[in-house]
Structures are given as C-alpha cells and as structure tokens.
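Q: Could you take me through this model one feature at a time, giving the general idea first and then the case at hand?

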Amino acid sequence: MNVCDSDMLDSVFLAYGASKVNNLSEADVVILNTCSVRVQSEQKAFSYLGRVKEFKQKKTCIKIVVIGCMAERLGHNIKKRFNSVDLIIGAKDIDNAALRIMNLFCTNYSAKKVNPEIKSEIVRYVTIMRGCDNYCSYCTVPFVRGREISINYETIVNKCSSMVKNGAREIILLGQNVNSYQYEDINFASLIKKIVTIENLERIRFITNHPKDLSDDLVKIMATEPKVCSHIHLPMQSASDKILKAMNRKYSYEHYLKLIKKLRTAVPSVSVTTDIIVGFPGETNEDFENTLKAVKTIRFGGLYVFRYSPRPNTTAAAMIDDVPFEEKKRRHAIILKESNKISIEIVSEMLGSIQQVLVEEIKNGIIKARTRTGRKVFAEGRKEYVGKHINVNIKEAKINSLFGDIV
Ligand code: SF4
C-alpha cells in the first residue's frame, strides 16, 4: 500500500514539474512515507529522521516531510522529537499530500490542477479501497487508515485502462481486504470481471485477502479467467482457534483449511502464501506447535512470519504480552526454517520444467520476469521481450528466484 501511495505521489510531483533525485545533496525536499504496522517500522523511520536531521544542519534549506501511518498515529509528537521536520501529513490525508508539499515552496500551487503522469511500467498497483473495518486485535490499520471505503469501480477501471494504454501488462489490485470490496452493486469478483475485459492487459493479481470474506465467486473467477494469476495471499496468522479468537480474526483453522482445499481443487496450480504472527499474548507452546503443524500440512508457496509486538490503541495492547522475546525469536526462527525448507522443495520440483513468464524489465542483458504463481525468474534476454509472455526452461532454483534459458 505504501509503495502504491509513494508511486501515486511520484506521478503528481512529476506533473508539477518536480523530479526524483538519488541523493540528499541534490534534494529540495525529503518525503518519508511511514508504516505503523510493526514497532520496527517506526524505529527505522525515527532512525532515518535522525540521519536527515544531521544532514539538515549542513543544508538548512532542505524540507523534511513525514507522511503515512506513523504521521497519522503520532502527528505533531514527531515534530516535538525532531524539530527539523517541516510538515506532517497523515495517511488519511494522503490524496492532498502532493499539493501540501508543493505549497512549502510556492503557494501558487493551490490554484494548479494537474493530471498525474502515467508511468510506463509493466506492473502497476491500483488501490481499490482504503482503510479497514475488521479491527483484528493486534492491528493498528483501522486507527491510522480509517474505516473501509471502496473506490468507485468506474474510476478503477479507467485508471487500469490508462495504465495499460501506457504500457502496463499486469495490474495488482490493492486493499487491506479486497474481498470485501463493494461499490453499489459491484463486489470484488464483479470488479475483476470488468477489468479482465481491458484489451492488452495480460495479468491481474490482488492483495490482500481475509479468510472470512473469500467468496466462491472469486475462487470461480480464479479458476476460469486466464488473466487472473494462480496466486493468492491468504493471511492465516495462527492455526490455534484460541489465538485466532483472541486476534478477532473471525474464522477457525478448520475454515481456513477448507478454503485451501477449495482453492486447490478449483485451481490446482495455485500458490498460496500467508502471514503468521508468533508470540501473540497467551500463545502457549501447544498453540505454536499447531501453527507449525499447519505450515507443514498446507505447504505454503511462501510466508511472512512476524514476532508479535503490541501496537498502541489496539485491543491486544491491553493483553499481557506474556511470551518472552527470546521465545518469540525461537518460534520465529522455527517457522522460517520450515518455510524455507518447503520453498526449496517446491522450487526444486520446477527444475527442468518450462515456465511461461511475463517479462517485467531487463537490466544488463538479464530479464526479470514472473511466473503466474508469482515466482521471480531471471534469464538472458533482449529488450523486445519486456511486456511479453515467454517460455523459460528452469535450470537453477533458489528460495526466492529461478534462473533459466529462454526457449
Ligand atoms: S484485516 Fe485485520 S490485519 Fe488486515 S488491515 Fe484489517 S484489521 Fe489489520
């Protein structure tokens, strides 16, 4: 979501005549787009602010702007800690951020209306909804991004069409819970049905999904519509029903497992990836072992595992954070090790196979492409392949990347 927001800001700045530079010494303004999902993200942002503060002592005219979720959550407390910061713009006001930042330099910008530049990249993100209504007990998103709002489907389809006209071949639809998209009588499956009709669009992906809302209609469209990729990110978080209840996830492990079976029956090639939190308050060793067993049973295509950290205002923050840090680290390492082992087994099975990939870019004669399941593939290639589907014979497999020869 932050990548998409930064991308959107980039486009507006380009339209205002600004340009992106690669180092602080050339910059007039530094914009730090922040995340509040984990405590580590905020710590990283603070440490970066410390570094730019030192830089500002040398180049006093540079403006420092903090935007996004941490700006929403901490507001002017950030300025109290770093008086070098010139402007704070919270996540809920992100649509006006570019104009407010330009006004730091010249107030005339308030009168200017610009059409954002449309970048000619093969893979583009499109936000279809903002905010979240789910209030998972550990999550700060509903507080910093606000209640769930679905964007008008016509705006979304027009945006996708413009991107495709400008060269995009794959669109990634974004929302905190895309499965609950609803604008008038258009739900998520019907939105996809509209987007697949865009000529020259090759692929659609979407993130992220909530197991309580994944519909049969969506499973059906994944099975029948060739443009929809065989990949779904379906955060499980835990396989202990006690912990899922404490997390306010509103599904059981059995329900989650049924969804996996349904997806794999309908789309046999589907790759399911997930998120897991270890060390949630009250997670016993037995709860953790259930999650580990689920990881072994389901064999995810990949997973992100997080050590629980309490986030202010959330329900879980009032619970006793009773799993010691060392134990969280141990559980984290065990899940990661198991996941890596499974990933190696999955990619090893691809050795010698021919994979159809969509080429995203080329650098130094090496193309970067992706399979329909979302795996990165590299091969020697030519510029003409960018934006096209090609076949690659897989010769080498690593956890996160495959290497091969174009056939
Ligand atoms: S679904 Fe839960 S975890 Fe995801 S953004 Fe909403 S509250 Fe947070």
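Q: With which residue does Arg299 form a salt bridge, and how far apart are the closest N and O atoms?
A: Please keep in mind throughout that this is a predicted model. A salt bridge is read from the distance between a side-chain nitrogen of Lys or Arg and a carboxyl oxygen of Asp or Glu, with a cut-off of 4 Å. Here Arg299 pairs with Glu345, and their closest N and O atoms are 2.9 Å apart. Arg299 sits in the loop between helix 12 (285-298) and strand 13 (302-307), while Glu345 belongs to helix 13 (residues 325-348), so the pair ties together parts that are 46 residues apart in sequence. Arg299 is partly exposed, at 31% relative accessible area, and Glu345 is also partly exposed, at 29%.

Q: Which salt bridges does Glu327 form within helix 13?
A: Glu327 forms a salt bridge with Arg330, the closest N and O atoms being 2.9 Å apart, and another with Arg331, where the corresponding distance is 2.8 Å. Arg330 lies three residues from Glu327 in helix 13 and Arg331 lies four residues from it, each spacing being about one turn of the helix. Glu327 and Arg331 are both buried, whereas Arg330 is partly exposed, with a relative accessible area of 36%. Elsewhere, salt bridges with shared partners join Asp5, Asp95, Arg130 and Arg145 into one network.

Q: How do the side chains of strand 16 point, and which of them are buried?
A: In a regular strand the side chains alternate between the two faces of the sheet. In strand 16 (residues 376-380), Val377 and Ala379 point to one face and are buried, while Lys376, Phe378 and Glu380 point to the other and are not buried. Strand 16 pairs with strand 15 (residues 366-371) in the antiparallel sense over five bridges, and Ala379 is the bridge partner of Ile367. Strands 15 and 16 make a hairpin with four residues between them, and Gly374 in the turn has a positive phi of about 95 degrees. Strand 16 also runs parallel to strand 18 (residues 401-406), to which four bridges join it, with Lys376 partnered by Ser401.

Q: In what order do the strands of the open three-stranded sheet lie?
A: The order is 1-2-3, with parallel pairing. Strand 1 (29-34) and strand 3 (87-90) are at the edges with a single partner strand each, so one side of each is left without a neighbour in the sheet. Strand 2 (residues 63-68) is joined to strand 3 over four bridges, and Val66 has Ile88 as its bridge partner. Helix 1 (residues 2-16) packs on this sheet and touches strand 1 and strand 2, its direction making about 155 degrees with that of strand 1. Helix 2 (residues 39-58) likewise touches strand 1 and strand 2, with an angle of about 170 degrees to strand 1.

Q: Which residues touch the most other members of the largest nonpolar core?
A: In soluble globular proteins, nonpolar side chains tend to be buried together. The largest core here has 56 residues, and Leu173, Phe188, Ile192, Ile195 and Phe206 touch the most other members. Helix 7 (residues 153-165) supplies the largest share, six residues. A second, separate core of 18 residues includes Phe55, Val66, Val85 and Ile88.

Q: Why is Cys4 not bonded to the closest cysteine sulfur?
A: A disulfide is read from two cysteine sulfur atoms within 2.5 Å. The sulfur of Cys4 is 11 Å from that of Cys160, the closest one, which is too far for a bond.

Methods: Residues numbered from 1 in each chain as written. Predicted model: local features only at pLDDT ≥ 70, side-chain atom pairs only at ≥ 80, totals over all residues. Heavy atoms only, no water. Pairing = 2+ DSSP bridges. Helix = DSSP H or I, 4+ residues; strand = E, 2+ residues; numbered from the N terminus. Contact = heavy atoms within 4.5 Å. Axes fitted to C-alpha atoms, helices over the stretch in contact; angles between N-to-C directions. Core = buried A, V, L, I, M, F, W, Y, C linked by side-chain atoms within 4.5 Å. Buried < 20%, exposed > 50% of the residue type's maximum accessible area, 1.4 Å probe, protein only.
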